[in-house]
Amino acid sequence: MRVMGIETSCDETAVSVIEAPAGTQPVGRILSNTVYSQLAEHRRFGGVVPEIAARAHLERIDGLVAQALDEAGVGLADLDGIAATGGPGLIGGVMVGVMTAKALAFAHDKPFIAVNHLEGHALSVRLTEPVAFPYLLLLVSGGHCQLLTVRGPGDFTRLGTTIDDAAGECFDKTAKLLGLGFPGGPAVEKAAVGGDPKRFALPRPMWRKPGCDFSFSGLKTAVRQTGEKLPAGDRQAVADLCASFQRTVGDVFADRCTNALGLAPSATLVVAGGVAANVYLRGRLEEVAASHGATLVAPPVRLCTDNGAMIAWAGAERLRLGQVDTLDFRPRPRWPLDPAAANRV
Ligand code: ATP
Ligand code: MG
Ligand code: FE
């Protein structure tokens, strides 16, 4: 089964064609995976500007669809379905992707699948790794930080979430404060190389508290206060602060995942979302999993941040179960994976 996936929920315009095996089997093949990052357009504003993003998606999307088909060596007629991120995200961008996918699906008489962007991250590991349902998932991205049990498409139980900022947001703020640029995650990771992770003792919000919730605002404030006191131009101090920050996030992730593995034992711990690209954090999670007799599985680094392949894969997982959408689907700026849990907060 061949599925196209379109991702336009933030600042990456991405289109991919993948091939999925029959039934509910994991591991597909990526036939093409094109990404146009709008970084240059947003950089001087130090963050993503929604209007600029929507316009840039509109300008690029047709070209990327053509390129993704070309690189995959297939035509629209060869596809079994067309998936697009239907939310959550910046609504102007989501509308561009959804309208494009609907138009192609209508014109070529193909099923249309509206994919929850978070479900894209959540299931992406199965595109490349033979991971069976159910599994425990740490979803850590630019806008989310959650622990979930994943049983299948549309079937999630949320064990915990952040009560304030997301982990990726905390990386981005740290980078901005230290003048490391945008996006922050990769910049902090790079700056932390050669840094002393023990030099600064930073607060570890929620650490050793019961449950699986997260909090990052106190850590963010502490990084700001520490950063402001550093002597100008002291690169070693910046490296030390980045390394200390990363270790603190690692401590929090490890502590929260330990609780989650206690509450919802699982043979597999999966980490996904942009922050899952961080090699140090992956290492920390590997240790936690191993100490519970579980295995950590993560998507390859390039599939952690937003991409079309994860949307195509989640679309295929749904299509194989007959879960398709009609052309009157309306983009959803908010779309929780576990609606019952989301209603409780
Ligand atoms: P969401 O998926 O919650 O809607 P998003 O799509 O903007 O948000 P992603 O693309 O999944 O987020 O991830 C981007 C985030 O991941 C950014 O906050 C970025 O700083 C962070 N990130 C990317 N690479 C790394 C890294 N190597 N280390 C830590 N954080 C990283
Ligand atoms: Mg992005
Ligand atoms: Fe994302």
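Helices are DSSP runs of H or I with at least four residues, numbered from the N terminus. The model is predicted, so local features need pLDDT of at least 70 and side-chain atom pairs pLDDT 80 or more, while totals for chains, interfaces and linings use all residues. Residues are numbered from 1 along each chain as its sequence is written, and chains are lettered from A and ligands numbered from 1 in the order in which they are written.

**Exercise 1.** State which residues UniProt lists for "binding site", and explain why they gather at one spot.

Solution. The unreviewed UniProt entry lists H117, H121 and D306. These residues span 190 residues in sequence, yet no two of their C-alpha atoms are more than 8.8 Å apart, so they gather at one spot. UniProt positions follow the numbering used here, feature names are shortened, and annotations may be inferred rather than shown by experiment.

**Exercise 2.** Place H117 in its helix, then decide whether H117 is buried or exposed.

Solution. Step one: H117 lies in helix 4, residues 117-123. Step two: a residue is buried if 20 or more other C-beta atoms, placed from the backbone, lie within 10 Å of its own, exposed if 12 or fewer, and partly exposed in between. H117 has 27 C-beta neighbours inside 10 Å, so H117 counts as buried.

**Exercise 3.** Do likewise for H121, and find its contacts.

Solution. H121 is also in helix 4. With 29 C-beta neighbours inside 10 Å, H121 counts as buried. Contact means C-beta atoms, placed from the backbone, within 7 Å. Leaving aside neighbours within four places in sequence, H121 is in contact with L139, S141, A272, G273 and M310.

Technical notes:
Helices (H or I, at least four residues) and strands (E, at least two) are DSSP runs, numbered from the N terminus. Two residues are in contact if their C-beta atoms, placed from the backbone, lie within 7 Å.
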